[in-house]
Amino acid sequence: MSAPARFDRGHTDDLMSFLAAGASPYHAVATTAERLEKAGFRQVAETDAWEGTSGGKYVLRGGAIVAWYVPEGGEPHTPFHIIGAHTDSPNLRIKPRPDTGAHGWRQVAVEIYGGPLMNSWLDRDLGLAGRLTLRDGSSVLVNVDRPLLRVPQLAIHLDRSVSTEGLKLDKQRHLQPVWGLGDDVREGDLIAFLEQEAGLAAGSVAGWDLMVHPVEPPAYLGRDRELLAGPRMDNLLSVHAGAAALAAVATSGAPLTRIPVLAAFDHEENGSQSDTGADGPLLGSVLERSVYARGGSYEDRARAFAGTVCLSSDTGHAVHPNYAERHDPTHHPRVNGGPILKVNVNNRYATDGSGRAIFAAACEKANVPFQSFVSNNSMPCGTTIGPITAARHGIRTVDIGVAILSMHSARELCGADDPFLLANALTAFLEG
């Protein structure tokens, strides 16, 4: 395969805007929906009867979105080509009683979500974003995207052992951010502040799903700007690439032999077991209803699922120059080397030999190089939505992604070319 042509950074510039807008899973799916709307997609409600018409449609549920495009003449038994991703990232989330403080400091009580690199949240200017649920059951998004909170680190003068024994953080005591001064902790103060920020009447909020986020914007890095630093690449990078690929095939006018789908789930970072997670019924329900809306039978559903393939796209580990011994000695994925094919024989990833062939064909069609990733045998790898999707729905699934550094940090690092290469490979896959 010849090397891909050099290109401008338009896709990566757009990714930077997407990362900045996706301060919470709810913001990420709202931004994705807006982009798909511009490509002609329309939202359908799960409570309505669905029509079997062609065109682009999507379902929103909390922090998840499933979008699909039915080409003209699409048969009920037409298989799906699915891009799977997730919208959530490890972070600090607001507790039910958020107002706390001590010794003249006003603080916000937080809970640890997923498995963040906790030290990366120290001494960083943080905003606050998420979803406010009103008393009538409706919800409103809120994003205070300016320095509002900070988790201050203890000065080295008060902990000399940090230089010799390393930083040790207690999740309960050491990660509560400050956001003001005062000896009186006023119950309801934070939510009252957010009601004002969102332009809501006082006392109108009955529930919330809120999280902190770093306000420093994404940025190119390096002498030649060949790197990209930013928040939530795991896994909004894949959501963005999947949305771009789906919009591209839906508007290309080219004939499609598969129904392209984007499924971006919430709660991957804590096990996917929710009504908006990959281990829930959302994807299967949408696919089945699409088949039945086009006049299909259970037999058509079975035929469609038997021919379906899902690319589970999530970030993976690039070889770290300071810790190369932590990687498998013969598998050293490099940034800007193209997307990675993730393999684990114990099914922590869903890739097998036939899946490799499918991904290799898509990359060859797109003229995109790809790399293989496997963990060091002494360091078991994490997992993704791939095995969950394969097992729950009985569909062939392949785990892929982009190689990054600092995974689960408040600010991660990737090659500036890799997001574009991933999007091209995903587009070729969706084209069938």
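This report describes the overall form of a protein and one of its sheets.

The model is predicted, so local features need pLDDT of at least 70 and side-chain atom pairs count only at pLDDT 80 or more, while totals for chains, interfaces and linings use all residues. Residues are numbered from 1 along each chain as its sequence is written, and side-chain values use heavy atoms, with hydrogens and water left out.

The protein has 10 helices and 20 strands; these are DSSP runs, helices (H or I) of at least four residues and strands (E) of at least two, numbered from the N terminus. With 432 residues, a compact globule would have a radius of gyration near 22 Å, and the value of 22 Å for the protein agrees. That radius is taken over C-alpha atoms, and the globule rule is 2.2 Å times the number of residues to the power 0.38. The C-alpha atoms fill a box of roughly 65 × 55 × 40 Å along the principal axes. Buried residues (under 20% relative accessible area, 1.4 Å probe, protein chains only) make up 53% of the 432 residues.

One open sheet has five strands in the order β11-β12-β20-β19-β15, with mixed pairing; two strands pair if DSSP finds at least two bridges between them. Its edge strands are tabulated here.

| Edge strand | Residues |
|---|---|
| β11 | residues 219–221 |
| β15 | residues 316–317 |

Each edge strand has a single partner, so one side of each is left without a neighbour in the sheet. Within the sheet, β19 (residues 403–405) and β20 (residues 412–415) run antiparallel and are joined by two bridges. Ile404 stands opposite Cys414 in β20.

Terms used:
Buried < 20%, exposed > 50% of the residue type's maximum accessible area, 1.4 Å probe, protein only.
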